[in-house]
Amino acid sequence: MTTNGGHEPVFCTIVPPHVLDRLSQAEDPVVHGPARRTLRRDAYERTQRRMTTVVGAPAVTTRAAAAEPGTPQRTVYDAGHGTDLPGVKARGEGDEPGQDATVNRAYAGLGATFDLFLKEFGRDSIDGSGLPLDATVHYDRDYNNAFWNGEQMVFGDGDGEIFLDFTVAVDVIGHELAHGVTQYTANLDYFGQSGALNESVSDVFGALIKQYTLGQTAEEADWLIGAGLLAPRVTGVALRSMKEPGTAYDDDVLGKDPQPATMDDYVRTGRDNGGVHINSGIPNHAFYLAATTLGGHAWERAGQIWYDVLTGGELDADAQFTDFATLTVKAARARYGEGAELVAVTKAWERVGVRTL
């Protein structure tokens, strides 16, 4: 049984370090300059988060008043290309859209995430208790990432050469906020297989938020994470593919998508916290297989099973793929009995080579 009272936050980015490492080695300064600056900024933010975890966070004054139960409380700030958080308030809950499309996209993405968790899973914001949702846009200059820092969302504008504005993909917003949900529930360790599960859960709910927003069924969805983020010069369609891990991009500068789809190609590495952004392709693919086998809206059955596991209290912080898979089978049986849901989930894990106990 996991003990999740600590809610230890981690620094989670949408663009993996291995991608930025590759870009930082490019000959073209237009490419390597922003990548190197982003790596330095990410390293700083990651260190700050670790220090906060060790010494304890100072008392936080909530920037937005607590919302009425079941209603969002969104605030979007503008960093003005600086790095001081949160920045200047640009739009609050209920405010009319302004002229800044980035601010408006962030506001809408926060709302879409809130709506899915409330209406489909009965969860009031990411902590389950109406936590205000804060986001900062226009962070730093040519910043090639977006992140959840344990307290809020932060979006860069991209460099325009490799990455575009990080608010253009609603699944990126959902992905990062889902790290907050994990923080307040299973609190999965951010290393190795538990870290890959942490990343995969965020991809799953990011994909569901995108599909929910578009009204798509599992068959209609593209199952891409970060579609629209890659600049025109890049040969690729997204950051990751849940349908076909390893096929999202294959570019001379960006490199080739390294995600495996099954345990046969599991990557053992000490980088990226043990490959958390790479090996997440395996549980990602398992969810895709389960959801498309069941059909209909993916959040209704497959998503409910994954949510039950994340919030059920039985998922250990250091859970391995087998542990998570076993709990999804248990959750499918508990909620739906011995029907199609149980069969779809069990076979999905079999196809990616993960055992269930």
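# A walk through the helices and the sheet

Let's start where two helices meet: the axes of helix 5 (residues 192–214) and helix 7 (residues 281–294) come within 8 Å and cross at roughly 35°. Axes here are lines fitted to C-alpha atoms, for helices over the stretch in contact, and angles run from 0 to 180 degrees between N-to-C directions. Helices (H or I, at least four residues) and strands (E, at least two) are DSSP runs, numbered from the N terminus. Keep in mind that this is a predicted model, in which local features need pLDDT of at least 70 and side-chain atom pairs count only at pLDDT 80 or more, while totals for chains, interfaces and linings use all residues. Residues are numbered from 1 along each chain as its sequence is written, and side-chain values use heavy atoms, with hydrogens and water left out.

Back to that helix pair. The crossing of helix 5 and helix 7 is right-handed, the term for a near helix turned clockwise from the far one by less than a right angle (anticlockwise would be left-handed). On the helix 5 side, the meeting residues are Leu-197, Ser-200, Asp-203, Val-204 and Leu-208, and helix 7 brings Pro-283, Asn-284 and Phe-287; contact means heavy atoms within 4.5 Å. By class, this contact has five nonpolar, two polar and one charged residues. In that scheme Ala, Val, Leu, Ile, Met, Phe, Trp, Tyr, Cys and Pro are nonpolar, Asp, Glu, Lys and Arg are charged, and the others, Gly among them, are polar.

Next stop, helix 8 (residues 302–311). Eight of its 10 residues are buried, so helix 8 is largely enclosed by the rest of the structure. Buried means under 20% relative accessible area, exposed means over 50%, and partly exposed is in between (1.4 Å probe, protein chains only). The buried residues of helix 8 include Trp-306, Tyr-307 and Leu-310. As a group, the buried residues of helix 8 pack against helix 3, helix 4, helix 5, helix 7, helix 9 (321–336) and helix 10 (340–351). Just after helix 8 comes Gly-313, with a positive phi near 85°.

Thr-182 also has a contact in this area. Thr-182 sits in helix 4 and is buried, at a relative accessible area of 1%. Leaving aside residues up to four places away in sequence, Thr-182 touches Asn-187, Leu-188, Asn-198, Val-201 and Leu-310. A little further along, Ala-186 lies in the loop between helix 4 (170–184) and helix 5, and Ala-186 is buried too, with a relative accessible area of 1%.

Now for the sheet. Six strands form an open sheet in the order 1-5-6-4-2-3, with mixed pairing; two strands count as paired if DSSP finds at least two bridges between them. Strand 1 (12–13) and strand 3 (88–92) stand at the edges, each with a single partner strand, so one side of each has no neighbour in the sheet. Helix 3 (residues 101–121) packs on the sheet, where it touches strand 2, strand 3, strand 4 and strand 6, and its direction makes about 150° with that of strand 2.

Strand 4 (residues 133–137) is a good one to click on, as five of its five residues are buried. Both of its faces are covered, with Leu-133, Ala-135 and Val-137 on one side and Asp-134 and Thr-136 on the other. Strand 2 (residues 74–78) runs parallel to strand 4, joined by five bridges, and Arg-74 has Leu-133 as its bridge partner. Strand 4 also pairs in the parallel sense with strand 6 (residues 153–155), over two bridges, where Ala-135 partners Met-153. Strand 5 (residues 146–148) and strand 6 run antiparallel, with three bridges between them, and Trp-148 stands opposite Met-153.

A few backbone oddities are worth a look. Most residues other than glycine have a negative phi, and most peptide bonds are trans. In the loop between strand 4 and strand 5, His-138 has a positive phi of about 55° and counts as buried at 12% relative accessibility. Asp-140 is in the loop between strand 4 and strand 5 as well, with a positive phi near 60° and 19% relative accessibility, which counts as buried. The peptide bond from Leu-85 to Pro-86 is cis, with omega near 10°, and Pro-86 lies in the loop between strand 2 and strand 3.
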